[in-house]
Amino acid sequence: MSEHGPGVQEGFEGAFDGEENGTPVPVSLARWDDPHMQVAARDPKKTERLIMTCFVVGILGVAGFGAVFWVSPSPNYYWLYGLTLGVGFFFLGFGLTAWGKYLMPQGPFVEERHVLAGTDEERDAMAAAVVQRTDVVLRRRGFLGALLAAGVAIFSVVAVFPLLRSLGPLPKKSLFTTNWRRGSLLVDVNGTPVHVDSMVVGGIQTVFPQGPYRNDPNQAAKDQTVLLRPNDSAVATGKDLPKGRTKWVPHGYIAYSQVCTHLGCPVKLYEEQLELLVCPCHQSMFNIRNGAVPQFGPAARPLPQLPLMVDGNGYLRAAAGYDQAVGPSFWERTTHPEWHW
Amino acid sequence: MLRKLVRSRFFLPSGLVVVVATAGLLAFGPHAGASGSPTPTLYGTDASVHHRSTPADCRLSQGQYGQTGTFNAGSPFHTSIRAYEHGCLVLYGSPYIKYALPSSSLIPEGDLLFQTYCSTCHGPQANGPYGIAPNLQGLGPATVDFWITTGRMPAQSLRSKQAPEKTPKLTPHQALAVAAWVNSLLPAAPFIPHVQNPNAANLADGASLYTLNCAACHTITGAGDALAYDTYAPTLHNATITQVVEAIRTGPANMPRFTGNLTDQQVRDIAVYVTTKIQKPQNIGGWGLGGVGPVTEGFVALLFGVGILMLVCYWIGDRS
């Protein structure tokens, strides 16, 4: 660590304390009694003892690391590895740095260098020679240059191929539709269908459409639907929902898409008494009473609602698919002719 | 002597005091071992208003949120085990969790405790007539037991949006007594849960169920999180296993109820996961920083780690 020059004098104690030693002295002129040659420490013996202590602690640390490694404690004590190694390294390094700062000649020393640039005549002669030779080189080896240029040109064309082929398939219609259809059976994450009597009032569940796509995470990610059975009878009858949706909420069940319309996180935080669905990522809050219209937060559009119906055996099914694309906005979303959102 | 006493001017007031005190003690004071009739309470004298003792009145009602339907997992009529006593259902459940009704001998004590600590807000019939506290009838004994054993009730302040967890004012026995009495007004499920064989729980299933259902509000480390409008999901680090099951099955305050879709086995897995892995996390780094999340950890790393490094670098490069 010491950047000072050679010629270390051991333990030279003088009266100088370094205030007049700001100007560098050339290395070749420094002698043993020069004030620059003194150590920087005011009390070198005390400093030496301090550094010795640091080294002892460092030795204990690294030796302790070995001991912990040998003993192989349970994972609750893994922090001992870090502690011992960290203490060991820190104090060894601290001691070494202090040695270099306080127990070495404090300098500063400077080494004079000779001029590196050549004389004017030398420079002119070199320039002329380079120009003359280069001309010959290029003319005689033109064919090589042409081949190199061809290689670079072909590479620049080929480099575009991964950009065209390897970005994956275009999403096409998959962004606009989910797997929910009229008659899709609501099943939970284990595949169990949801009976109309199975959820108590105030409950919440994530449901998917029954089918082979339930095990595909990409399909499940957009199909995920949150099923609620709110406590409030006004919410349950759906009288505050947008027009035409009173039949979408049989027996007090309401189903919304769980993909947040802001940036796509699953909206699973259900505050039952506040009638809010909260998204954990950026805290968009959707009011379940009036069709999941966002009441707070960065979401700009309400969560799409899934119309529900009860089949002959009492199981909940979708009465239709979603009437709009689920999830965050994308460019082509507004060009669909039937959707107003 | 007696003539002197009767003629003194303190005779009449002291005599009145003695007479009134005796009358009061006879009418309202504690009676030892009244059999067949309940202990008279400090408020009101009509015993039939507070206590029903006929077996026909222990038939379970649908409850405030339909918790006794046959299809919801955790309902008494969905489970395989049921036990009756004097025609009343006193125990139901599965090999994973058993739900027991508090003994009816606790009802008089619960009545007295409720009238002392709870009736000023919830009303003497526990049906919240004043509009400042909700109706407790038809919620099941587990609800009352949860709120009292976690210390949230009796509430300290009516102005706070959410009653905080604090040191319980009633002992667990007293909480059971209050639960027994409230339940006797309108019997409903769920009863007090007792987890069976917690060591046999599947922690991996518990972890995935917790992540799916609970981590959204309570965070993955169970540290609790802020929610909307001054409400918050509390930390799980102080909950007993019974309180976890009660909270899942009864859905206190803003928490939704998971009675319909989680079986007893799944609830046991979640509860054991909470009381083992969440409450006793394996902080391999030594200090969990409360498990609050990456912002805290980044703050500590930047402030202490990078700060110390900067100071050390300054020291190294400093001209001595």
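Two strands count as paired here if DSSP finds at least two bridges between them. I start with that because the pairing of strands β3 and β4 of chain A rests on exactly that many: two bridges join β3(A), residues 186-187, to β4(A), and the two run antiparallel. In that pairing, L186(A) stands opposite P209(A) of β4(A). This is a predicted model, so please hear everything as computed from it.

Let me stay with β4(A). It also has β5(A), residues 225-229, as a partner, joined by five bridges and again antiparallel. One of the pairs there is G203(A) with R229(A).

Is β4(A) mostly covered or mostly open? Mostly covered: seven of its seven residues, 203-209, are buried. In a regular strand, side chains alternate between the two faces of the sheet. For β4(A), one side carries G203(A), Q205(A), V207(A) and P209(A), the other I204(A), T206(A) and F208(A), and both sides are covered.

Now chain B. Four strands make an open sheet there, in the order β1-β2-β3-β4, with antiparallel pairing. The edges are β1(B), residues 81-85, and β4(B), residues 192-195; each has a single partner strand, so one side of each has no neighbour in the sheet. On average, neighbouring strands of this sheet are turned by 25 degrees against each other, ignoring direction.

At the β1(B) edge, five bridges lead to β2(B), residues 88-93, running antiparallel. Y84(B) has L89(B) as its bridge partner in β2(B). Helix α10(B), residues 264-278, lies across β2(B), β3(B) and β4(B), at about 100 degrees to β3(B).

The last item is helix α8(B), residues 203-218. How far does α8(B) span between its end C-alpha atoms? Only 18 Å, where a straight helix of 16 residues would span 22 Å at 1.5 Å a residue. There is also a bend of about 50 degrees in α8(B), at T211(B).

At the start of α8(B), a side-chain oxygen of N202(B) comes to within 3.1 Å of the backbone nitrogen of A204(B). Just after the helix, T219(B) has a positive phi of about 65 degrees.

Which residues of α8(B) are buried? Among them are G206(B), L209(B) and Y210(B), and then N213(B) through to H218(B). The cover over the buried residues of α8(B) includes elements from both chains: β7(A), residues 269-271, along with β5(B), β6(B) and α10(B). That α10(B) is the helix lying across β2(B), β3(B) and β4(B).

Terms used: Residues numbered from 1 in each chain as written. Chains lettered and ligands numbered in written order. Predicted model: local features only at pLDDT ≥ 70, side-chain atom pairs only at ≥ 80, totals over all residues. Heavy atoms only, no water. Buried < 20%, exposed > 50% of the residue type's maximum accessible area, 1.4 Å probe, protein only. Axes fitted to C-alpha atoms, helices over the stretch in contact; angles between N-to-C directions. Contact = heavy atoms within 4.5 Å. Expected span 1.5 Å × (residues − 1). Bend = angle between axes of the 7 residues up to and from the residue. Polar contact = N/O pair within 3.5 Å; in protein donor to acceptor, adjacent residues only side chain to side chain.
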